[in-house]
Amino acid sequence: MNMYDSERMKDVLAPVGYGPVDGPEGADLVVLNTCHIREKATEKVYSELGKIKQEKAKTGGKMIVAVAGCVAQAEGEEIMKRAPVVDMVLGPQAYHKLPEMIARVHRKSGERLETQFETLEKFDALPKQRSVDGPVAYLSVQEGCDKFCTFCVVPYTRGAELSRPVDDIMIEARSLASQGVREVQLLGQNVNAYHGAGPKLEGEGDWTLAQLIRHTAKIGGFDRIRYTTSHPRDMDDDLIAAHGDTPELMPFLHLPVQSGSNRILQCMNRGHTREHYLDVMRRVKEARPDIGFASDFIVGFPGESDQDFEDTMDLVREVNFCISYSFKYSERPGTPAAEMFGQVPEEVKTERLHRLQALLWEQQTAFNKSKIGETVSVLVTGKGRMPGQMAGRSPWLQSVYFDGDESLNGQVVDLKINHATQNSISGDLVGAKEVAV
Ligand code: 5AD
Ligand code: SF4
């Protein structure tokens, strides 16, 4: 989501004369687009600001420094107080105001702190045309979250759940397709809770994510559609069916489960059980047998016993994931879990994380190796690490390498896979497809 937001900040700043550069050295404007979900996010921002302060001094104080994103939302005025190098602070729903705020800094008058929650106002104010950078693009369709998992800051920093209207999304989608984007990733903190307003289709009511995916496929131009991130509670029957009936929808589902223990899921306020999760995974696999599953896990949530952790390990063995993200639980100030009894000692968390990751990596490697001998379609995204090598991504989001020339960039090619490691697969070119326009 932050990568998407950064792209949109670039779009909003282009008409006033700003363009991207490789680093902060000598820049007219530096925007730190921050994420609050990771541990020690706030400290990282202050330490980054220390470095930027030196760069600003080299410009004689002319450089404008902005802090954007979720840390900006959470810290607000505190950032201005603690780091005078900062000229403005804007939350994730305010980045359309960047040009206006830059003008305020130049005028030395007006509000330098914007942390309102008006998501739709932001989308209305952003340029309808997108600038694209390569064949893969993000498209935000939904923001915010009402789930309030007890460990998570997102509902506080991104605000209440809100879906963009269908027509707005389609304008942006067409702009991406017309500029050669082949793979679009529909984004939202709770993307499968999508319920945007749109032209009436069959039946009454708001649109669902499944309808939006099928509609996006009809635009033509996109070979590949993905969505992230989803919640198990919102995997409705139609979305599961879409995995079977929409060929553009990639055979990949990132569905965070966080824990395999019902007791811990309840303490996390996840609103689903282990059985519900496993049932969803089973039904998605029925609809699309070659699907790859990904998930997020938290180990050492307050009160997690050895048995609770074993339940997580057991769930991992049952599902078999092709890629996963796992974290030690860490306190986020202001969230209910931070106040809970039974905080798990650090060394126990570390040991559990090692065991879980060893299992997940084993599964990831086995998944990659299972592609050896198969022909896999690959979207070429750029040069590889070695001379004469190109890189791309498979339908299952694997990194793929092969020998080929740069003219293949942006195309979908077939590769016969002959090698696989934990983090990538590689193979030989079978034949390049025509570029569809
Ligand atoms: N501690 C550890 N991991 C967390 N995540 C979110 N909040 C926390 C926290 N307090 C993880 C979850 C989520 C991912 C984006 O970050 O697994 O799905
Ligand atoms: Fe955070 Fe996701 Fe839970 Fe929402 S559903 S509170 S974003 S972990």
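## Around ligand 1

In this predicted model, the shell around ligand 1 is made up of five nonpolar, two polar and four charged residues. Its members are Ile37, Arg38, Phe151, Gln258, Asp296, Ile298, Phe327, Lys328, Tyr329, Ser330 and Arg332. If you would like to find polar contacts on screen, begin with Asp296: one of its polar side-chain atoms lies 2.6 Å from an oxygen atom of ligand 1. Two further contacts involve the protein backbone. A polar backbone atom of Ser330 is 2.8 Å from a nitrogen atom of the ligand, and a backbone N or O atom of Phe151 lies 3.0 Å from a nitrogen atom of ligand 1.

How much of ligand 1 does the protein cover? On its own, ligand 1 has 400 Å² of accessible area, and the protein covers 89% of that. Strand E11 (292-299) and strand E12 (323-328) are the elements that each give two or more residues to this shell.

## Around ligand 2

Ligand 2 has its own set of neighbours: Cys145, Lys147, Phe148, Cys149, Phe151, Cys152, Val154, Pro155, Asn190, His231 and Arg270. By class, seven of these shell residues are nonpolar, two are polar and two are charged. Phe151 is worth a second look, as it is listed around ligand 2 and also around ligand 1.

Phe148, one of the residues around ligand 2, has a backbone feature to check. Its phi is near 50 degrees, a positive value in a residue other than glycine. You will find Phe148 in the loop between strand E6 (142-143) and helix H7 (154-157).

## The largest pocket

Where do the two ligands sit? Ligand 1 sits in the largest pocket, and ligand 2 sits in the largest pocket too. This pocket holds about 1500 Å³ of space. Its lining has 50 residues, and those nearest the centre are Ile37, Arg38, Thr229, His254 and Asp296. Among these, Ile37, Arg38 and Asp296 also belong to the residues around ligand 1. By class, the lining has 27 nonpolar, 14 polar and nine charged residues.

Several elements build this lining. Helix H1 (2-13), helix H7 (154-157), strand E8 (183-187), strand E9 (224-228), strand E10 (252-254), E11 and E12 each supply at least two residues. The largest share, four residues, comes from E12, a strand that also gives two or more residues to the shell around ligand 1.

## A cis bond at Thr229

Thr229, one of the residues nearest the centre of the largest pocket, comes with a backbone feature of its own. The peptide bond leading to it from Thr228 is cis, with omega near 0 degrees. Thr229 is placed in the loop between E9 and helix H10 (237-245).

## The enclosed cavity

Apart from the pocket, how many cavities of 30 Å³ or more does a search of the whole structure find? The search finds one. The largest cavity has a volume of about 40 Å³.

Its lining consists of Arg8, Phe123, Leu126, Pro127, Lys128, Arg164, Asp168, Ile171 and Glu172. Of these, four are nonpolar, none is polar and five are charged. Helix H8 (residues 166-178) contributes the largest share of this lining, with three residues.

Conventions
Residues numbered from 1 in each chain as written. Chains lettered and ligands numbered in written order. Predicted model: local features only at pLDDT ≥ 70, side-chain atom pairs only at ≥ 80, totals over all residues. Heavy atoms only, no water. Near = heavy atom within 4 Å. 1 Å grid on protein atoms, 1.4 Å probe; cavity = no way out; pocket = protein on both sides within 12 Å on 5 of 7 lines; lining within 4 Å. Sits in = over half its atoms within 2 Å of the grid points. Nonpolar A, V, L, I, M, F, W, Y, C, P; charged D, E, K, R; others polar. Polar contact = N/O pair within 3.5 Å; in protein donor to acceptor, adjacent residues only side chain to side chain. Areas by Shrake-Rupley, 256 points an atom, 1.4 Å probe, with all protein chains shown as cover. Points joined across faces, edges and corners; volume = space filled by probe spheres on them.
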